[in-house]
Amino acid sequence: MGSITNTDTLHDNHDHKPKGITRWLFTTNHKDIGTMYLIFSLIMFFIGGAMAMVIRAELFQPGLQLVDPAFFNQMTTMHGLIMVFGAVMPSMVGFANWMIPLMIGAPDMALPRMNNWSFWLLPAAFTIMMITPFMDGGGPAFGWTFYAPLSTTFAPKSTDFFIFAVHIMGISSIMGAINVIVTIMNMRAPGMTYMKMPLFVWTWFITAFLLIAVMPVLASAVTMMLTDRNFGTSFFEASGGGDPVMFQHIFWFFGHPEVYIMILPAFGVVSTIIPTFSRKKLFGYSSMVYATASIALLSFIVWAHHMFTTGMPIRGELFFMYATMLIAVPTGVKIFNWVATMWRGSLTFETPMLFAIAFVILFTIGGLSGVMMAMAPLDMQYHDTYFIVAHFHYVLFPGAIFGGFAAVYYWLPKWVGKMYNERLGKIHFWLSMIFVNLTFFPMHFSGLAGMPRRIPDYSPQFADFNMWSSIGAFGLGLTQLLFVYILIKTVKSGKPAPQKPWDGAEGLEWTLPSPVPYHTFETPPKID
């Protein structure tokens with residue numbers, strides 16, 4: 001037998017690349033892990049969307065048609081949980097994994113093995129969560145906010161599995177957040193100071209701190225639920241000296257920063273795309289950074305605006321009302337800066353830009369209805385009506401999900417080296433734009449008229465609004481199948497992407513101000 005030289009060994013090791021399932025199970029490559037997050041979130045998006053279709057089919061007309069009320073409540077619960085924790089959050093983590101190392105000049109994420117583990121916990125968690133409806137007594141039917149005592153005293157046995165799934169998701173999120181922070185703090189390229197980082201990196205940096213701050217709060221809430229259910233404690237049980245309203249305080253202290261965890265990375269995406277297609281630098285970079293940090297800090301002191309109807313003291317109502325109004329200021333700064341970036345720019349309207357502009361317009365609508373609900377006397381009327389459903393879907397669908405679509409179309413040429421079909425991308429955008437408004441805008445009117453949420457039946461006076469919402473929802477769901485077709489077609493047979501797919505967006509000549517019109521008193525810019 002001949003001896004194997006060191007050179008042969010090195011050669012063999014160099015050539016050894018895991019193939020098939022092994023590559024994906026054990027990968028520590030940030031691009032592979034980012035891809036897995038994105039594919040997982042897309043699958044969850046369709047599962048959660050299918051549950052929304054069940055809800056809208058039931059609400060198409062008054063009366064009980066398709067499902068019994070208990071199953072309807074299971075669908076509303078699972079739809080909310082899957083969309084928040086399974087679709088939106090993993091998609092943003094996927095973008096972070098893919099793009100942060102590339103944007104800061106790092107070879108990979110700082111903790112690659114933990115990165116792998118943080119992803120693979122998610123399929124385990126959601127498998128546990130999605131088998132709960134098939135268990136004895138049915139699945140959780142207490143709404144995605146799982147208020148006690150509905151989730152403690154009156155919940156089925158499967159709730160314990162739901163609690164376990166939430167814990168696993170929380171562990172995954174915390175590990176992902178630690179990885180982002182360590183990567184950004186320790187692995188930036190020489191010369192890249194914090195105030196030179198791309199806005200997407202900044203928004204994720206701040207989001208990661210939010211995650212680390214609030215996921216343990218959610219863990220504490222579900223742990224107290226667990227002990228109330230199984231070990232005789234009475235944290236939320238009034239008969240034992242507990243307080244069910246305390247659950248709402250703990251949940252929303254997690255829940256409101258969670259809203260910004262979902263939307264801040266989308267702010268970063270839009271802050272990347274709008275300057276590219278405006279052929280200008282982002283207007284007010286430093287103010288955008290400070291506004292993002294302000295939103296994150298203020299998000300911790302507004303939680304009880306979800307609880308104006310619980311009977312808090314008038315001073316408490318006033319504090320949370322003013323604090324909520326205050327958070328509109330940095331959000332307004334961001335919207336102003338995006339519009340100012342587009343002002344007098346050389347705009348082109350490729351698919352990513354269309355989604356980004358729609359994001360700005362529709363997210364603003366969601367923000368305006370949020371300001372309405374910040375007013376405690378008015379919130380007494382809106383609370384638990386479809387007006388609330390309209391508000392948070394305007395924030396999350398045209399906000400977080402449109403931000404995700406914009407990111408995919410923008411970065412897809414970078415990821416796969418091929419261009420998507422621009423015509424199909426624009427069709428996807430316009431159909432999504434039409435159907436998202438058809439679905440959620442009528443809910444403002446039915447909510448103002450008094451239609452309660454989470455109810456499978458309703459008064460005939462709301463029939464027309466609900467019919468339009470249901471038609472819009474089915475159109476919106478079918479449109480997303482076109483998105484999947486575009487992705488598959490791009491990967492399989494897309495044209496090779498040019499070196500700079502978004503023509504001229506990064507050249508120096510595009511970062512100079514636009515020529516000054518002759519009729520103003522402004523001084524034309526000096527061009528060296």
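1. Six nonpolar and four polar residues, with no charged ones, make up the lining of the second largest cavity in this predicted model (Ala, Val, Leu, Ile, Met, Phe, Trp, Tyr, Cys and Pro count as nonpolar, Asp, Glu, Lys and Arg as charged, and the others, Gly among them, as polar). The residues in question are Tyr37, Val93, Ala96, Asn97, Met109, Asn115, Ser118, Gly176, Val180 and Trp204, and the volume they line is about 40 Å³. A cavity here is a set of points, on a 1 Å grid over the protein atoms alone, where a 1.4 Å probe fits but cannot get out, with lining residues having an atom within 4 Å of a point; the volume is the space filled by probe spheres set on points joined across faces, edges and corners.

2. Which helices each supply at least two residues of the lining of this second largest cavity? They are helix 4, helix 5 (112–131) and helix 6, and helix 4 gives the largest share, with three residues. Helices are DSSP runs of H or I, at least four residues in length, numbered from the N terminus.

3. On the basis of the model: residues are numbered from 1 along each chain as its sequence is written, and side-chain values use heavy atoms, with hydrogens and water left out. As the model is predicted, local features need pLDDT of at least 70 and side-chain atom pairs count only at pLDDT 80 or more, whereas totals for chains, interfaces and linings use all residues.

4. A search of the whole structure gives three cavities of 30 Å³ or more, and the largest of them has a volume of about 150 Å³. Its lining consists of 16 residues, and those that lie nearest the centre are Phe85, Met89, Pro90, Val93 and Ser173. Val93 should be read together with point 1, as the residue is also listed in the lining of the second largest cavity.

5. The lining of the largest cavity divides into 13 nonpolar and three polar residues, with no charged residue among them. At least two lining residues come from each of helix 4 (69–104), helix 6 (159–186), helix 7 (199–230) and helix 8 (244–278). Helix 4 again deserves attention, since five residues, the largest share of this lining, come from it.

6. How many salt bridges does the count come to? There are four, taking as a salt bridge a side-chain nitrogen of Lys or Arg within 4 Å of a carboxyl oxygen of Asp or Glu. One of them joins the side chains of Asp32 and Arg23, at 2.8 Å from N to O. Asp32 is buried, with a relative accessible area of 10%, while Arg23, at 36%, is partly exposed; buried means under 20%, exposed over 50% and partly exposed in between, with a 1.4 Å probe and protein chains only.

7. Asp384 and Arg453 also meet through their side chains in a salt bridge, with an N to O distance of 3.9 Å. This pair links distant parts of the chain, 69 residues apart: Asp384 is in the loop between helix 12 (376–382) and helix 13 (386–416), and Arg453 is in the loop between helix 14 (422–448) and helix 15 (463–493). The relative accessibility of Asp384 is 34%, so this residue counts as partly exposed, whereas Arg453 is buried, with a relative accessible area of 13%.

8. Asp384 forms a salt bridge with Arg454 too, and here the closest N and O atoms are 3.4 Å apart. The two residues are 70 apart in the chain, with Arg454 likewise in the loop between helix 14 and helix 15. Because its relative accessibility is 30%, Arg454 counts as partly exposed. Through shared partners, the salt bridges join Asp384, Arg453 and Arg454 into one network.

9. The backbone raises some points to check. Most residues other than glycine have a negative phi, and most peptide bonds are trans. Phe146, although not a glycine, has a positive phi of about 35°; Phe146 is found in the loop between helix 5 and helix 6 and is buried, with a relative accessible area of 1%. The same loop between helix 5 and helix 6 holds Pro149, and the peptide bond from Ala148 to Pro149 is cis, with omega near 0°.

10. Arg279, another residue that is not glycine, has a positive phi near 55°. Arg279 lies in the loop between helix 8 and helix 9 (285–298), and its relative accessibility is 8%, so Arg279 counts as buried.

Terms used. On a 1 Å grid over the protein atoms alone, a cavity is a set of points where a 1.4 Å probe fits but cannot get out, and a pocket is an open set with protein on both sides within 12 Å along at least five of seven lines; lining residues have an atom within 4 Å of a point.
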